[in-house]
Amino acid sequence: MLKNIDKNVILNLKDQVSVLENQVVSKTLVQNNSVGMTLFAFDKDTMISSHKSTGDAFVQILEGEATLTVGDVKHDLKEGETLIMPATIPHAVYAKEKFKMLLTVIF
């Protein structure tokens with residue numbers, strides 16, 4: 001079930017998490033054996049270093065711009081764009097500017 005978010009109201013997801021200076025902020029909406037959904041807010045020049053996941057990761061940029069590296073390939077994404085990062089492939093996230101994203105991982 002969804003948590004940490006209002007239900008039965010119209011929401012703008014980018015308003016549900018705030019950018020904090022020099023930080024990566026996360027807000028978990030769902031976490032179970034099948035799916036994880038997390039909102040993230042990154043300050044400029046912050047990052048999540050390279051790591052692997054056992055599930056496919058669906059990233060939707062809600063605001064700003066970021067560089068996502070999947071394996072050896074760098075992808076520059078901006079608001080409204082989506083990238084699927086395949087399971088078991090190392091990936092990283094870098095904030096070119098302040099940005100927000102929704103991460104959905106399917107296990």
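## A tour of an all-strand chain

Start with the charges: the chain carries 11 positive and 13 negative ones, and the mean positions of the two sets lie 4 Å apart. Keep in mind as you click around that this is a predicted model.

**Stop 1: the whole chain.** Show the cartoon and color by secondary structure. You'll find 9 strands and 0 helices, so the order from the N terminus reads β-β-β-β-β-β-β-β-β. The radius of gyration is 13 Å, close to the 13 Å that the globule rule gives for 107 residues, so the chain is as compact as a globular protein of that length. Line the view up with the principal axes and the C-alpha atoms fill a box of roughly 40 × 30 × 20 Å.

Now switch on the surface. About 6,300 Å² of the chain is accessible, and carbon and sulfur atoms account for 51% of that area. Of the 107 residues, 37% count as buried. If you draw contacts between residues at least 6 apart in sequence, 63% of them join residues at least 24 apart.

**Stop 2: the largest core.** Hide the surface and select Phe42, Val59, Leu68, Met85, Phe99, Met101 and Leu103. These are the residues with the most contacts inside the largest nonpolar core, which has 17 residues. Next, color the strands that give two or more residues to this core: E2 (35-42), E4 (56-63), E5 (65-70), E7 (82-85), E8 (91-95) and E9 (99-106). Which strand gives the most? That's E9, with 4 residues.

Zoom in on Met85 and show what surrounds it. Leaving aside neighbours within four places in sequence, Met85 is in contact with Gly55, Asp56, Ala57, Val59, Leu68, Val70 and His91.

**Stop 3: the second core.** There is a separate core of 8 residues too; select Ile5, Val25, Ala41 and Leu62, which are among them.

**Stop 4: Lys100.** Stay with strand E9 and pick out Lys100, which lies in it. Is this lysine buried or exposed? It counts as buried because its relative accessible area is 9%, under the 20% cut-off. To see what is around Lys100, show Lys14, Val17, Val19, Phe40, Ala41, Gln60, Ile61, Leu62 and Glu63; Lys100 touches each of these, not counting residues up to four places away in sequence. Ala41 and Leu62 in that list also turned up in the second core.

**Stop 5: the loop between E2 and E3.** Move to the loop that joins E2 to strand E3 (47-51) and select Asp45, which lies there. Check its backbone: phi is near 70°, a positive value in a residue other than glycine. Asp45 counts as partly exposed, at 46% relative accessibility.

Then select Thr46, found in the loop between E2 and E3 as well. Thr46 is buried, with a relative accessible area of 10%. Who does Thr46 touch? Not counting residues up to four places away in sequence, the partners are Asn22, Gln23, Val24, Val93, Tyr94 and Ala95.

**Stop 6: Asn8.** Finish toward the start of the chain, in the segment before strand E1 (24-31), where Asn8 is found. Asn8 has a positive phi of about 65° although it is not a glycine. Put the surface back on for a last look: Asn8 counts as exposed because its relative accessibility is 82%, over the 50% cut-off.

Terms used. Residues are numbered from 1 along each chain as its sequence is written. This is a predicted model: local features need pLDDT of at least 70, side-chain atom pairs count only at pLDDT 80 or more; totals for chains, interfaces and linings use all residues. Side-chain values use heavy atoms; hydrogens and water are left out. A nonpolar core is a set of buried Ala, Val, Leu, Ile, Met, Phe, Trp, Tyr and Cys residues joined through side-chain atoms within 4.5 Å. Buried means under 20% relative accessible area, exposed over 50%, partly exposed in between (1.4 Å probe, protein chains only). Contact means heavy atoms within 4.5 Å. The radius of gyration is taken over C-alpha atoms; the globule rule is 2.2 Å times the number of residues to the power 0.38. Accessible areas come from the Shrake-Rupley method with a 1.4 Å probe; for residues, only the protein chains shown count as cover. Lys and Arg count as positive and Asp and Glu as negative; His and the chain ends are not counted. The place of a charge is taken as NZ of Lys, CZ of Arg, CG of Asp or CD of Glu.
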